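Here's a quick walk through a few spots worth a look in this model. Keep the viewer open and follow along.

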Amino acid sequence: MNLVQPIRDREKLEDLKEELKKKGLRNYMLFLTGSNSGMRVSDVIKLNVNDVRNKDGTMKSHIIVVEKKTKKVKKFPLCNDLYKEMEIYTKNMKEGEYLFKSRNGENKPITTTQAYRIIKRASEKVGLEEIGTHTMRKSFGYHHYQQYKDVALLQTIYNHSSPSITLKYIGINQDNIDLGYRNFSI
């Protein structure tokens with residue numbers, strides 16, 4: 001099993017977003033959605049226009065999904081930046097159209113394997129290692145924690161059973177271990 005990490009460096013995050021934009025807005029929006037929502041890639045790829053826009057074409061304030069893995073309903077607002085980008089991205093899309101369409105077929109979403117390839121290729125080009133589709137979800141948690149220092153909130157968002165699981169998941173425990181080793185000497 002390959003261990004994937006969050007992207008801790010904001011500059012590297014921006015580099016990755018720029019690299020993804022070079023290959024198309026779909027790839028950029030895939031990453032932006034995953035890393036700003038904390039959703040699993042299996043749920044991100046299934047999003048369609050109806051999930052982000054109302055029948056009258058206006059943007060919804062919240063995304064509501066039934067998580068594929070847990071079968072639980074998850075409701076969350078689009079952060080300001082994602083809201084603006086999603087509004088532009090979906091402007092000319094049709095009702096029911098998948099946000100991250102495959103180039104194969106009429107209206108089919110990309111697969112999780114294709115999402116992995118997209119993220120992995122772009123990550124390699126900007127010098128990131130230990131990256132996969134779960135990196136989006138982990139990066140969300142890592143930066144959310146750095147900004148708010150609220151592990152209980154993240155634990156709820158991720159539906160984890162304990163704060164220690166959440167801290168391990170987002171790489172905070174490893175950061176603390178690394179720091180402890182770097183500053184230790186006998």
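What follows covers one helix with a buried side, one helix pair and three loop residues. Keep in mind that this is a predicted model.

Let's start with helix α5, which spans residues 80-89. Which of its residues are buried? They are Leu82, Met86 and Tyr89. Look down the axis of α5 and these buried residues sit within an arc of 60°, so they line one face of the helix. The general background is simple: an α-helix has 3.6 residues a turn, so residues three or four places apart point the same way. Flip to the face of α5 turned away from the buried side and you'll find the exposed residues Asn80, Asp81, Lys84 and Ile88. As for what covers the buried residues of α5, the list includes α2 (25-37) and α4 (49-52).

Next up is a helix pair. Helix α7 takes in residues 134-148 and helix α8 residues 151-158, and the two pack at an angle of about 160° with their axes 10 Å apart. That angle makes α7 roughly antiparallel to α8, because anything over 145 degrees counts as such. Their crossing is right-handed. Who meets whom here? On the α7 side you have Arg137, Lys138, Phe140, Gly141, His144 and Tyr145, and on the α8 side Val151, Leu153, Leu154, Ile157 and Tyr158. Sorted by type, the residues of this contact come out as seven nonpolar, two polar and two charged.

Now for the loops. Three loop residues can be set side by side:

| Residue | Loop | Relative accessible area |
|---|---|---|
| Gly96 | between α5 and α6 (112-125) | 25%, partly exposed |
| Glu130 | between α6 and α7 | 44%, partly exposed |
| Asn159 | between α8 and α9 (163-169) | 40%, partly exposed |

Where does Gly96 sit relative to Val49? The two are 47 residues apart in sequence, yet 5.5 Å apart in space, C-alpha to C-alpha. Leaving out residues up to four places away in sequence, Gly96 touches Asn48, Val49, Asn50 and Asn107.

Glu130 and Asn159 are worth a click for their backbone angles. Phi of Glu130 is near 55°, which is a positive value in a residue other than glycine. Asn159 isn't a glycine either, and its phi is positive at about 60°.

Notes. Residues are numbered from 1 along each chain as its sequence is written. This is a predicted model: local features need pLDDT of at least 70, side-chain atom pairs count only at pLDDT 80 or more; totals for chains, interfaces and linings use all residues. Side-chain values use heavy atoms; hydrogens and water are left out. Buried means under 20% relative accessible area, exposed over 50%, partly exposed in between (1.4 Å probe, protein chains only). Helices (H or I, at least four residues) and strands (E, at least two) are DSSP runs, numbered from the N terminus. The arc is that of the directions from the helix axis to the C-beta atoms. Contact means heavy atoms within 4.5 Å. Axes are lines fitted to C-alpha atoms, for helices over the stretch in contact, and angles run from 0 to 180 degrees between N-to-C directions. Angles under 35 degrees count as roughly parallel, over 145 as roughly antiparallel, 65 to 115 as roughly perpendicular and the rest as oblique. A crossing is left-handed if the near helix is turned anticlockwise from the far one by less than a right angle, and right-handed if clockwise. Ala, Val, Leu, Ile, Met, Phe, Trp, Tyr, Cys and Pro count as nonpolar, Asp, Glu, Lys and Arg as charged, and the others, Gly among them, as polar.
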